[in-house]
Amino acid sequence: MNYYEEALKLHSENKGKISVTSKVKLQDRDDLSTAYTPGVAEPCKEIAKDRKNVYKYTAKSNLVGVVSDGTAVLGLGNIGAEAAIPVMEGKAILFKQFGNVDAFPICLDTKDTEEIIKAVKQIAPVFGGINLEDIASPKCFEVERRLEEELDIPVFHDDQHGTAIVVTAALMNALKVVGKQIDEIRVVLNGPGSAGTAIIKMMLTAGVKHITACDENGILYKDRGVGIVDHKKMLCDITNLEDQRGTLADALVGADVFVGVSVGGALKPEMIRTMNANPIVFAMANPTPEIMYDEAMAAGVKVMGTGRSDFPNQINNVLAFPGIFRGALDAGARDINYEMKLAAAQAIAELVEPGMLCAEYIIPSALDPRVAKHVAEKVAEAAVKSGAVRK
């Protein structure tokens with residue numbers, strides 16, 4: 001199937017992928033007077049008396065805004081708000097299909113950090129959560145940080161944390177396959193942008209002790225100078241504890257795990273051959289990974305994951321965000337903290353039964369109907385235990 005031609009046909013014939021439908025019937029005068037005037041005045045008055053009643057009487061308790069400024073859409077880059085709409089509509093139907101969460105695309109015609117923050121705060125009363133999507137790095141870090149501080153609803157940048165959670169789940173099971181302990185491995189990450197930074201933080205939370213980050217200028221270290229700005233300054237404080245210098249190839253010597261969120265072709269077979277025995281490779285550049293599956297396996301990789309559905313072990317965010325928001329909304333969470341993110345990763349990983357676990361199956365399918373429900377339950381439990389729930 002030619003997915004590009006079929007996508008144009010699908011979007012054109014349906015005029016997009018979402019619509020608004022009514023939960024209640026409007027068939028007679030009583031229906032109209034109850035759903036709208038005069039009856040609708042009563043829930044309005046109840047909410048005015050106590051704003052928490054908005055969760056009882058409106059769609060807010062199950063409604064997520066999918067917010068983008070169109071600056072980092074898929075692999076297409078800064079294509080603008082209008083061009084981002086198909087992706088945000090797609091995210092909305094994934095929310096509904098896998099988590100039974102209602103979601104609506106909000107594509108903002110501004111690239112200014114303060115304007116984005118202001119716009120989201122102004123529309124927040126109608127939403128129970130905000131899913132930030134396809135906002136370029138490093139701006140995305142500040143947008144998320146400020147909104148988490150200034151709103152009392154969950155704010156989650158999926159490009160960062162969804163990816164990080166699924167990668168961490170995959171790592172947990174890959175380590176079982178190769179017989180290594182998480183606190184003993186050396187990880188090299190190539191591409192410390194929004195997703196890469198979140199992966200590093202998530203892996204450290206999960207128990208990894210040694211991570212080296214590389215960008216187009218080589219290994220990150222404090223005195224490098226070139227490119228050590230913004231979030232990369234922070235990464236120098238939590239990575240490269242051995243104070244290594246050099247290139248990606250230098251960093252990979254004796255490493256156990258390679259994580260790529262960078263560009264196609266960045267990882268060469270000769271680099272893999274310098275890694276420790278039974279290396280794990282997660283090459284997630286799309287559509288062309290840092291190294292192709294067959295080439296990686298021929299070079300000695302034991303466990304391989306990519307962002308593609310035509311290879312084993314697809315690292316797909318849909319394993320994370322529907323269940324995470326389902327759990328956060330059900331628990332009445334104010335935010336999505338690291339305890340909840342780690343619970344999501346563990347929930348995804350444990351759905352691969354021990355008898356099924358192998359190098360070609362370390363993570364459930366994105367279409368596995370068990371995932372969102374299990375993730376939601378574990379995330380809700382973690383929200384309660386960590387004190388993240390709204391009083």
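In this predicted model, Pro287 is placed in the loop that runs between β9 (280-283) and α13 (293-298), and the peptide bond that joins Asn286 to Pro287 is cis, with omega of about 0°. A cis peptide bond is also found between Thr37 and Pro38, where omega is about 5°; here the proline belongs to the loop between α2 (29-35) and α3 (41-49).

Backbone conformations with positive phi occur at residues other than glycine as well. Lys15, which is not a glycine, has a phi of about 55° and is situated in the loop between α1 (3-14) and α2. With a relative accessibility of 71%, Lys15 counts as exposed. Asn313, likewise a residue other than glycine, has a positive phi near 60° and is located in the loop between β10 (303-306) and α14 (321-331). In contrast to the exposed Lys15, Asn313 is buried, its relative accessible area being 5%.

The helix that follows this loop, α14, is mostly covered, 10 of its 11 residues being buried. The buried set consists of Phe321, Pro322, Gly323, Ile324, Phe325, Arg326, Gly327, Ala328, Leu329 and Ala331, and thus includes a charged side chain, Arg326, since Arg is classed as charged. Just after α14, Gly332 adopts a positive phi of about 70°.

Ile324, one of the buried residues of α14, also has a place in the largest nonpolar core, which comprises 75 residues and in which Ile165, Met203, Val259, Phe282, Ile324, Met340 and Ile348 touch the most other members. The largest share of this core, 11 residues, is contributed by helix α8 (residues 158-178). For Ile165, when neighbours within four places in sequence are left aside, the contacts are with Phe156, Met202, Ala320, Ile324, Lys341, Ala344, Ala345 and Ile348; Ile324 and Ile348 in this list are themselves among the residues that touch the most other members of the core. Apart from this core lies another, of 21 residues, among them Leu267, Tyr293, Ala299 and Met304.

Helix packing can be described for α9 (residues 194-206) and α10 (residues 231-238), whose axes come within 11 Å and cross at roughly 25°. Because angles under 35 degrees count as roughly parallel, α9 is roughly parallel to α10. The crossing of the two helices is left-handed, and the contact is formed by Thr197, Ile200, Lys201 and Leu204 from α9 together with His231, Met234, Leu235 and Ile238 from α10. By character, the residues of this contact divide into 5 nonpolar, 2 polar and 1 charged. The spacing of the contacting positions may be read against the general geometry of the helix. An α-helix has 3.6 residues a turn, so residues three or four places apart point the same way.

A further feature concerns Glu89, which lies in helix α5 (residues 81-99) and is buried, with a relative accessible area of 12%. Glu89 and Lys17 are separated by 72 residues in sequence, yet their C-alpha atoms are 6.1 Å apart in space. When neighbours within four places in sequence are left aside, Glu89 is in contact with Gly16, Lys17, Ile18 and Pro105.

Note on methods
Residues are numbered from 1 along each chain as its sequence is written. This is a predicted model: local features need pLDDT of at least 70, side-chain atom pairs count only at pLDDT 80 or more; totals for chains, interfaces and linings use all residues. Side-chain values use heavy atoms; hydrogens and water are left out. Axes are lines fitted to C-alpha atoms, for helices over the stretch in contact, and angles run from 0 to 180 degrees between N-to-C directions. Helices (H or I, at least four residues) and strands (E, at least two) are DSSP runs, numbered from the N terminus. Angles under 35 degrees count as roughly parallel, over 145 as roughly antiparallel, 65 to 115 as roughly perpendicular and the rest as oblique. A crossing is left-handed if the near helix is turned anticlockwise from the far one by less than a right angle, and right-handed if clockwise. Contact means heavy atoms within 4.5 Å. A nonpolar core is a set of buried Ala, Val, Leu, Ile, Met, Phe, Trp, Tyr and Cys residues joined through side-chain atoms within 4.5 Å. Buried means under 20% relative accessible area, exposed over 50%, partly exposed in between (1.4 Å probe, protein chains only).
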